[in-house]
Every structure is written in C-alpha cells, then in structure tokens.
Amino acid sequence: MSTLETTPTTRDAVQAFIAGWNAHSPKAVRDAFTADGRLCDPVVPSWTSGEAIEAAVQRALDRYTDVAFTVRSVLEAPDERVAFEWRMTMAVVTSDGRRVPMQLEGVDVCRVRDGKIAELRGYFDRAAIGEQLKAAGLA
C-alpha cells in the first residue's frame with residue numbers, strides 16, 4: 001500500500017489563518033505563520049512577529065465580538081505568494097449592552113513558505129471602522 005504525500009500550499013496557509021480568527025484563537029492565528037513570520041496592516045503598522053501577533057489578535061477580539069472572516073477570493077502565484085480578499089463581520093457591545101453589528105473588507109498579500117505565512121501585508125480602510133462607530137453613535 002502506498003501513501004500519498006501532500007505538500008502544504010498557499011491555500012493551506014490562508015485557511016489556517018482564517019480558521020484561527022474564526023476560532024477566536026490568537027495562538028492558532030500565530031501558528032499559521034512560520035517561526036520568523038511577520039505581519040503589518042493599518043492597525044499594526046510596524047512589522048510584528050511572534051507573540052506580538054497573538055497580542056494584536058487578542059486586542060481585536062477584546063474590542064469586537066462575534067468576529068467572523070469570510071474569504072471572498074484567492075489569487076495564487078507560482079512563487080508561493082497569495083493574495084486573498086476577505087470580509088470580516090463583528091459587533092461592538094455598547095455600555096448599555098446593545099450589540100452594534102459592523103463589517104470590514106480588505107485584502108491580505110502573503111509570502112508563504114512550507115505551507116505557512118512568512119509575511120502578511122494587510123490592506124483595509126481603517127476609517128470604515130470609525131464611520132460605522134460614528135453612525136452607531138459610538139464615536
């Protein structure tokens with residue numbers, strides 16, 4: 001009997017990253033990265049890696065509830081690069097307990113190595129968060 005070996009792909013890296021977010025697990029998000037993996041985005045504007053990735057995810061999960069990511073499209077390149085468009089839904093809980101739904105859309109561009117993210121650059125309109133908070137009377 002032969003066994004089929006599979007090589008991790010760029011899609012595996014994307015799926016692990018999104019699954020970590022959807023599990024609300026900062027550690028699982030961090031585990032989607034290589035040991036030297038790093039990220040930056042409009043909220044984390046300087047390159048960060050390791051435990052700082054977990055801390056950034058935890059800050060987002062502390063601020064927003066019901067975080068859920070949906071991948072809308074994936075574009076893979078043959079040199080272990082991948083870009084994916086995503087939608088994040090979440091809610092903010094007001095001081096009186098009211099849940100205000102929010103949504104954010106963006107794109108992440110990654111360099112992948114051995115099925116894990118080596119580098120992720122995230123792009124989204126940070127002002128969209130403020131506009132939704134303002135519309136809900138929270139900013």
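In this predicted model, six strands form an open sheet whose order is 2-1-6-5-4-3, and the pairing within this sheet is mixed. Strand 2 (48-49) and strand 3 (65-77) stand at the edges, and each has a single partner strand, so one side of each is left without a neighbour in the sheet. Helix 4 packs on the sheet, where it touches strand 4, strand 5 and strand 6, and its direction makes about 170° with that of strand 5.

**The chain as a whole**

The sheet belongs to a protein chain that has four helices and six strands. Read from the N terminus on, the elements of this chain follow the pattern α-α-β-β-α-β-β-β-β-α. Taken along the principal axes, the box filled by the C-alpha atoms is roughly 60 × 30 × 30 Å. The mean pLDDT of the chain is 91, and 94% of its residues reach 70 or more. Confidence is highest in helix 2 (residues 26-31), at a mean of 98, and lowest in helix 4, at 89.

**Two hairpins in the sheet**

How many bridges join strand 3 and strand 4, and in which sense do the two strands pair? They pair in the antiparallel sense, over ten bridges. The two strands form a hairpin with three residues between them, and in its turn E80 has a positive phi of about 60°. Several residue pairs can be followed across this hairpin: A77 stands opposite R81, V74 has F84 as its bridge partner, and S73 stands opposite E85.

Strand 4 also runs antiparallel to strand 5, to which it is joined by 13 bridges. Here too the strands form a hairpin, with five residues between them, and G97 in the turn has a positive phi of about 90°. Across this second pairing, M90 stands opposite M102 in strand 5.

The table below lists the residue pairs named above.

| Residue | Residue opposite | Strand of the residue opposite |
|---|---|---|
| A77 | R81 | strand 4 |
| V74 | F84 | strand 4 |
| S73 | E85 | strand 4 |
| M90 | M102 | strand 5 |

**The largest pocket**

The largest pocket has a volume of about 530 Å³. Its lining is made up of 25 residues, and those that lie nearest the centre of the pocket are W21, D41, V43, A60 and F124. Two or more residues of the lining come from each of helix 1 (10-22), helix 3 (51-63), strand 4 (81-93), strand 5 (99-113), strand 6 (116-124) and helix 4 (126-135). Which of these elements gives the most to the lining? It is helix 3, with six residues. By residue type, the lining divides into 19 nonpolar residues, five charged ones and one polar one.

Strand 4 therefore links the parts of this report: strand 3 and strand 5 are both paired with strand 4, helix 4 touches strand 4, and strand 4 gives two or more residues to the lining of the largest pocket.

How values were computed. Residues numbered from 1 in each chain as written. Predicted model: local features only at pLDDT ≥ 70, side-chain atom pairs only at ≥ 80, totals over all residues. Heavy atoms only, no water. 1 Å grid on protein atoms, 1.4 Å probe; cavity = no way out; pocket = protein on both sides within 12 Å on 5 of 7 lines; lining within 4 Å. Points joined across faces, edges and corners; volume = space filled by probe spheres on them. Nonpolar A, V, L, I, M, F, W, Y, C, P; charged D, E, K, R; others polar. Contact = heavy atoms within 4.5 Å. Axes fitted to C-alpha atoms, helices over the stretch in contact; angles between N-to-C directions. pLDDT = per-residue confidence, 0-100.
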